[in-house]
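Here are my notes for you, point by point. Keep the viewer open while you read, and find each spot as we get to it.

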Amino acid sequence: MTNTYNLLLLPGDGIGPEAMQEVKKIITWLNDNSAITIETEEDFIGGSAYDAYGTPLSDHTITKAKAADAVILGAVGGPKWDGKTAYDLRPEAGLLKIRKELGLFANLRPAIVFDALVDASSLKPELVKGLDILIVRELTGGVYFGEPRGIETLPNGERKGYNTQVYTTSEIIRIGEAAFDMAKKRGSFVTSCEKANVMESGVLWREEMTKLHSEKYSDIRLEHMYADNCAMQLCRAPKQFDVIVTDNLFGDILSDEAAMLTGSLGMLPSASLGAEDESGKRHALYEPVHGSAPDIAGQNKANPLATILSFAMALRYSLNQGEIADSLENAVQDVLNNKIRTADIIEAGITPIGTSEMGDAVIKALQNRLQSEKAAE
Ligand code: IPM
Ligand code: MG
C-alpha cells in the first residue's frame, strides 16, 4: 500500500521561498526513495499574497489549507510592505488569520541545543548543553485577538490605543491539556506562566491550570511561575524547564528568548495544531521560528534547516511517519557533525555554504543513511 499525502506549501516572503525550495527537493527525494508519496500545492501568504491577490491571505488559500494534510509555511513580512498597507493588510495579518481560521490554538516551539552547536549559544556551554525544552504557546486567543481593540481620538484630542487580554475556561483547559499531554511524552513537568499578580486573566489561568492538573494530570509535576520570572529563569538556568505553557503574548516573547538560548534561531522548527475531529485528524501548520530575514533574502545565504525540521515535524505529527521524520532529523545531525554550516551557525575555520548546498547536504546524508541501512540488512 502506498501512502499518499497532500501538503500545502506557503513559502511567503523574504528567505521563505529559498528555504522552501530545499524542502521541495527533499520531498522529491522522498517520493523517489521511500514508501510514501507527497503531493504538494503551493500558494501565497503575507506580502507576496498581498502583491498577487491584494490580501495577505485569500479565501481560496484558506480552503486549500483546510483540505491539506498539513501546511508548511516559510516566513512572512518585509520592509517592502512596512507601513504601506492598512493594518489588516500587513503580511503578519495573513499569518494571524490562518492561525485563527484553522483553529490552530496550540503552538509547539521546541528549544533544543544541538551538541555540535553548543558554542553558538551566548550562554556558557554548561548552562545549555543538552538543553531540550518545549514551549506550548496559546495561539488563537489573548491580547492578539481580544475585543475591544483599536485606536481612538478622545474628546480632549488625545489618542488612545487599546487591546484586550481575555481568556475563557475552555481556552485555558485545551492549551493546558496540550501541554500536559506533551509533558507525558517528555519529562513529566509543566511550568505554567502568567502574571496572576497583576492580571485577572492570569488569576483565572492559574486557577484553571491547577484544577485541570488535580482532576486529570496529577501524575505530572506542575509549577506556576510569573512570566517575568520565567524570562529571568530561562537565561539563569534554562535546564530547570521541561514544558512551559503560557498565553499568546508571553509565549511570543518567551519563545524568542528560548530560541536564542540555543544560539541558532535558524535551526528551530515549530508546529501549530488545531483540535482533533471525530476521525482523529487535525489542522496543522508547520513553520520555522525565525522570520523572513529580508536583509539576506535572495542571496542563497539563509539557513534552510529550520524549515526542513518543520517539515520533519509535519512528517511526525500530521503524516504519522515518525521513522522518516527520525531519518530526516538524524540527517540534519549528520550534516552538523560533519561541520557543514551556513553563515548563521558558522565556526572559526569553516567556510560557510549556501542555502541550496545545505539542502543538498541533507539529501546526501539521507542517502548515506539509506545505503548503510541497506548494507546492514
Ligand atoms: C511569531 C511572530 C508573529 C507573532 C508575528 C510575525 C505576527 O512573532 O510567530 O512569533 O507575534 O505571533
Ligand atoms: Mg514572535
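1. Start with aspartate 252 and ligand 1: a side-chain N or O atom of this aspartate sits 2.8 Å from an oxygen atom of the ligand. Keep in mind that this is a predicted model.

2. Two other residues reach ligand 1 in a similar style. Tyrosine 144 has a polar side-chain atom 2.5 Å from an oxygen atom of the ligand, and arginine 99 places a polar side-chain atom 2.7 Å from a ligand oxygen. As for how covered ligand 1 is, the protein hides 75% of the 320 Å² of accessible area that the ligand has on its own.

3. Which residues surround ligand 1? Click through Glu92, Arg99, Arg109, Arg137, Tyr144 and Asp252 and you'll have gone round it.

4. Now look at a pair of helices. Helix 8 (residues 227-236) packs against helix 9 (residues 248-261) at an angle of about 5°, and their axes are 10 Å apart. Because angles under 35 degrees count as roughly parallel, helix 8 is roughly parallel to helix 9.

5. Who meets whom there? Helix 8 brings Ala227, Cys230, Ala231, Leu234 and Cys235, while helix 9 offers Phe250, Leu254, Glu257 and Leu261. Sorted by class, this contact has eight nonpolar residues, one charged residue and no polar ones.

6. Next, a backbone detail to check. Glutamate 147 and proline 148 are joined by a cis peptide bond, with omega at about 0°. You'll find proline 148 in the loop between strand 5 (132-138) and strand 6 (150-153).

7. One last stop: asparagine 320. Its phi is near 60°, a positive value in a residue other than glycine. Look for asparagine 320 in the loop that runs between helix 10 (305-317) and helix 11 (322-337).

Key
Residues numbered from 1 in each chain as written. Chains lettered and ligands numbered in written order. Predicted model: local features only at pLDDT ≥ 70, side-chain atom pairs only at ≥ 80, totals over all residues. Heavy atoms only, no water. Axes fitted to C-alpha atoms, helices over the stretch in contact; angles between N-to-C directions. Helix = DSSP H or I, 4+ residues; strand = E, 2+ residues; numbered from the N terminus. Parallel < 35°, antiparallel > 145°, perpendicular 65-115°, else oblique. Contact = heavy atoms within 4.5 Å. Nonpolar A, V, L, I, M, F, W, Y, C, P; charged D, E, K, R; others polar. Near = heavy atom within 4 Å. Polar contact = N/O pair within 3.5 Å; in protein donor to acceptor, adjacent residues only side chain to side chain. Areas by Shrake-Rupley, 256 points an atom, 1.4 Å probe, with all protein chains shown as cover.
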